[in-house]
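The exercises below go with the sequence and model shown here. Work through each task before reading its solution.

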Amino acid sequence: MFSKIVLATVATISLTHAVDDFSSERLLGIEVGYTTVNSRSEAMFNKSSTVPEFGVKLGAQNEEWRTTIHLNFMEADGRSYQKAMIDFDRFVWASLYKTDSIVFKPYLGAHIGWLRYTEDLETDNGMAYGGELGLALNVLNEVDFDLAYRYTVADMPTVGDIGSFTFSVNYLY
């Protein structure tokens, strides 16, 4: 219960600041990924599965920071996973020339959120957190392509870690 309160508080504060600070450039995106899920059974047997991941995201950004909320879905070995995360990304460099038609923006970030899995009639959920790094490519004034690696750890005994390579297309408005 405490974890849910902390997560709700962080999300509320972040969204409040995002609306105030980033109201000039919001984004809506879809993403696909190639994900490796490391899970553990009740006998503590580790199993690794590589599966596709699909998701949507909503966020806001300026020239230095980006905050997004994303929902991702995947299935691995009969388990269905859902992630709801809030990401905080810091752009570490932008293209040197303002006249460039494509702007490269590498970033580092962190995320925190909620992970849930369902297997047959069994369901478990808990906090998840991790880090990410990626490259945002601004190809049009309204469109970003985003390539990223996201590493997530969960506080659930049956889920180890999740590593995801993702590609997303973001519409900036």
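A contact means heavy atoms within 4.5 Å. This is a predicted model, in which local features need pLDDT of at least 70 and side-chain atom pairs count only at pLDDT 80 or more, while totals for chains, interfaces and linings use all residues. Residues are numbered from 1 along each chain as its sequence is written, and side-chain values use heavy atoms, with hydrogens and water left out.

**Exercise 1. The chain as a whole**

Find how many helices and strands the chain has, and state its mean pLDDT.

Solution. Start with the elements: helices (H or I, at least four residues) and strands (E, at least two) are DSSP runs, numbered from the N terminus. The chain has one helix and eight strands, in the order α-β-β-β-β-β-β-β-β along the sequence.

Next take pLDDT, the predictor's confidence in each residue, from 0 to 100. Its mean over the chain is 84, and 78% of the residues reach 70 or more. Among the elements, helix H1 (residues 2-21) has the lowest mean, 59, and strand S7 (residues 143-154) the highest, 95.

Last, look at the contacts with a separation of 6 or more: residues 24 or more positions apart account for 57% of them.

**Exercise 2. Gly55 and Gln61 in strand S2**

Decide whether Gly55 is buried or exposed, then list what Gly55 touches.

Solution. Buried means under 20% relative accessible area, exposed over 50%, and partly exposed in between (1.4 Å probe, protein chains only). Gly55 lies in strand S2 (residues 46-61). Its relative accessible area is 9%, so Gly55 is buried. Not counting residues up to four places away in sequence, Gly55 touches Gly29, Ile30, Glu31, Leu71 and Asn72. The C-alpha atoms of Gly55 and His70 are 6.8 Å apart, with the two positions 15 residues apart in sequence counted as their separation.

Gln61 is also placed in strand S2. With a relative accessible area of 0%, Gln61 is buried. Its side chain is joined to that of Glu25 by a polar contact of 2.8 Å. A polar contact is a pair of N or O atoms within 3.5 Å; within protein, one must be able to donate a hydrogen and the other to accept it, and residues adjacent in sequence count only if both atoms are side-chain atoms.

**Exercise 3. Glu119 in strand S5**

Which residue's side chain makes a polar contact with the side chain of Glu119?

Solution. Glu119 lies in strand S5 (residues 103-119). Leaving aside neighbours within four places in sequence, Glu119 is in contact with Asp77, Gly78 and Arg79. Of these, Arg79 makes the side-chain polar contact, at 3.2 Å. Glu119 has a relative accessible area of 25%, so it counts as partly exposed.

**Exercise 4. Aromatic rings**

Classify the pair formed by Tyr81 and Tyr117.

Solution. Rings of Phe, Tyr and Trp (its six-membered ring) pair if their centres lie within 6.5 Å; planes under 30 degrees apart count as stacked, over 60 as edge-to-face and the rest as tilted. The whole structure has five aromatic pairs. The centres of Tyr81 and Tyr117 are 6.0 Å apart and the planes meet at 35°, which makes the pair tilted. Tyr81 lies in strand S4 (residues 79-91) and Tyr117 in strand S5, so the pair ties together parts that are 36 residues apart in sequence. Both Tyr81 and Tyr117 are buried.

For comparison, the ring centres of Tyr171 and Tyr173 are 5.9 Å apart with planes at 15°, so this pair is stacked.
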